[in-house]
Amino acid sequence: MRLRTLSLAAASGTALLAAGLLPAHASAATSPKSTQEGSVSAADLLAKVTSCSQISNGKYKTDDETSATVPVCGKNGAVFWKADMDIDCDGQRTTNCNENRDPWYQDDTAFHQSDGKPLKAESLPYVVVPSSSSIWNYAGAGIKGGGVVAVIYNNKVEYAVVGDTGPTKIIGEASYATAKALGIDPDPATGGVDSGVTYILFKNSKASPIESHSAALSLGDQLAKQFIASN
């Protein structure tokens with residue numbers, strides 16, 4: 001996770017371009033493909049989150065320099081928000097996620113693999129939740145590390161896990177692998193998208209082991225069907 005400012009992002013991108021350090025768009029063999037996941041369509045999920053019953057005590061910013069406009073909303077069996085997507089490359093060092101590629105790189109994640117190691121942002125779709133604060137406490141809402149998330153963008157659904165925590169006042173961040181699977185530029189310095197991403201987090205869920213994307217996909221598809229039925 002990181003505190004990202006728009007001006008810093010632009011400056012860092014310029015510096016990386018000048019240094020020739022921007023990553024080639026090569027995919028890791030284990031990265032999910034940019035296709036629809038599961039049997040529940042993006043349209044069916046989005047139809048259930050057209051209105052917001054706000055459960056957060058305030059709203060979040062999408063970047064350090066923006067105003068607070070994003071609430072956390074409650075539904076039967078889930079919470080959701082609609083925001084941007086900044087790219088999280090934290091965790092184990094890989095080809096595209098390291099201190100040379102990412103100006104905000106950190107070699108750890110809030111939640112760890114079953115072997116105790118940090119997660120791999122380049123190959124594991126995961127979502128970042130805001131650290132607990134007076135605005136909202138994710139744990140109190142039934143959200144935990146490894147919890148399953150349906151991430152929706154441009155009529156595509158990608159299932160991810162809750163893998164990291166971020167700043168207390170900023171929302172809208174996911175791993176390199178999540179962005180890539182949704183067709184969003186995953187470059188940690190210059191990628192991401194400014195709006196149009198919906199995050200649906202299923203309460204009291206947990207993919208096991210957390211590092212298994214297939215486990216998140218299988219459970220996510222079941223939970224998405226339950227979500228459609230109960231809302």
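Are F202 and F227 buried or exposed? Both residues are buried, and they form one part of the aromatic packing described below for this structure, which is a predicted model.

## Aromatic pairs

Across the whole structure, a search finds three aromatic pairs. In one of them, the rings of W81 and Y199 have their centres 5.9 Å apart and their planes at 35°, so the pair is classed as tilted. This pair links distant parts of the chain, since W81 belongs to strand β2 (residues 78-88) and Y199 to strand β7 (residues 193-202), with the two positions 118 residues apart in sequence. W81 is buried, at a relative accessible area of 0%, and Y199, also listed at 0% relative accessibility, counts as buried.

Strand β7 also carries F202, whose partner F227 lies in helix α4 (residues 213-230), so this second pairing ties together parts that are 25 residues apart in sequence. The ring centres of F202 and F227 are 6.1 Å apart and the planes stand at 75°, so the arrangement is edge-to-face. Beyond these individual pairings, ring pairs link W81, W136 and Y199 into a cluster.

## Strand β3 and its neighbours

Strand β3 covers residues 126-130, and because five of its five residues are buried, the strand is largely enclosed by the rest of the structure. Its residues point in two directions, with Y126, V128 and P130 on one side and V127 and V129 on the other, and all of them are buried.

Two strands pair with β3. Strand β5 (residues 156-166) runs parallel to β3 and is joined to it by five bridges, with Y126 standing opposite V161 of β5. Strand β6 (residues 173-175), in contrast, pairs with β3 in the antiparallel sense over two bridges, and here V128 has E173 as its bridge partner.

## The cavity and residue T62

The structure contains one cavity of 30 Å³ or more, and the volume of the largest cavity is about 50 Å³. Its lining is made up of T62, D86, V128, V129, P130, G166, P167, I170, I171, G172 and E173. Which strand gives the most to this lining? Strand β3 does, with three residues. By class, the lining has six nonpolar, three polar and two charged residues. The bridge partners V128 and E173 are both among the lining residues.

T62, another lining residue, is found in the loop between α2 (42-46) and β1 (73-75). At 13% relative accessibility T62 counts as buried, because the limit for that class is under 20%. Leaving aside residues up to four places away in sequence, T62 touches V70, A83, D84, D86, I170 and I171; of these contacts, D86, I170 and I171 also appear in the cavity lining.

## A buried glycine in the loop between β2 and β3

G91 is located in the loop between β2 and β3 and is buried, with a relative accessible area of 1%. Although G91 and P118 are 27 residues apart in sequence, their C-alpha atoms are 5.0 Å apart in space. When residues up to four places away in sequence are not counted, G91 touches Y105, Q106, D107, D108, T109, P118 and L119.

## Backbone geometry in the loops

Most residues other than glycine have a negative phi, and most peptide bonds are trans. Against that background, a few positions deserve a closer look. The peptide bond from S208 to P209 is cis, with omega near -5°, and P209 lies in the loop between β7 and α4. That loop also holds N204, one of the residues with a positive phi listed here.

| Residue | Phi | Relative accessible area |
|---|---|---|
| N155 | about 65° | 59% |
| N204 | near 55° | 61% |

N155 has its positive phi although it is not a glycine, and it lies in the loop between β4 (148-153) and β5. With a relative accessible area of 59%, N155 is exposed, and N204, at 61%, is exposed as well.

Terms used: Residues numbered from 1 in each chain as written. Predicted model: local features only at pLDDT ≥ 70, side-chain atom pairs only at ≥ 80, totals over all residues. Heavy atoms only, no water. Phe/Tyr/Trp six-rings, centres within 6.5 Å; stacked < 30°, edge-to-face > 60°. Helix = DSSP H or I, 4+ residues; strand = E, 2+ residues; numbered from the N terminus. Buried < 20%, exposed > 50% of the residue type's maximum accessible area, 1.4 Å probe, protein only. 1 Å grid on protein atoms, 1.4 Å probe; cavity = no way out; pocket = protein on both sides within 12 Å on 5 of 7 lines; lining within 4 Å. Points joined across faces, edges and corners; volume = space filled by probe spheres on them. Nonpolar A, V, L, I, M, F, W, Y, C, P; charged D, E, K, R; others polar. Contact = heavy atoms within 4.5 Å. Pairing = 2+ DSSP bridges.
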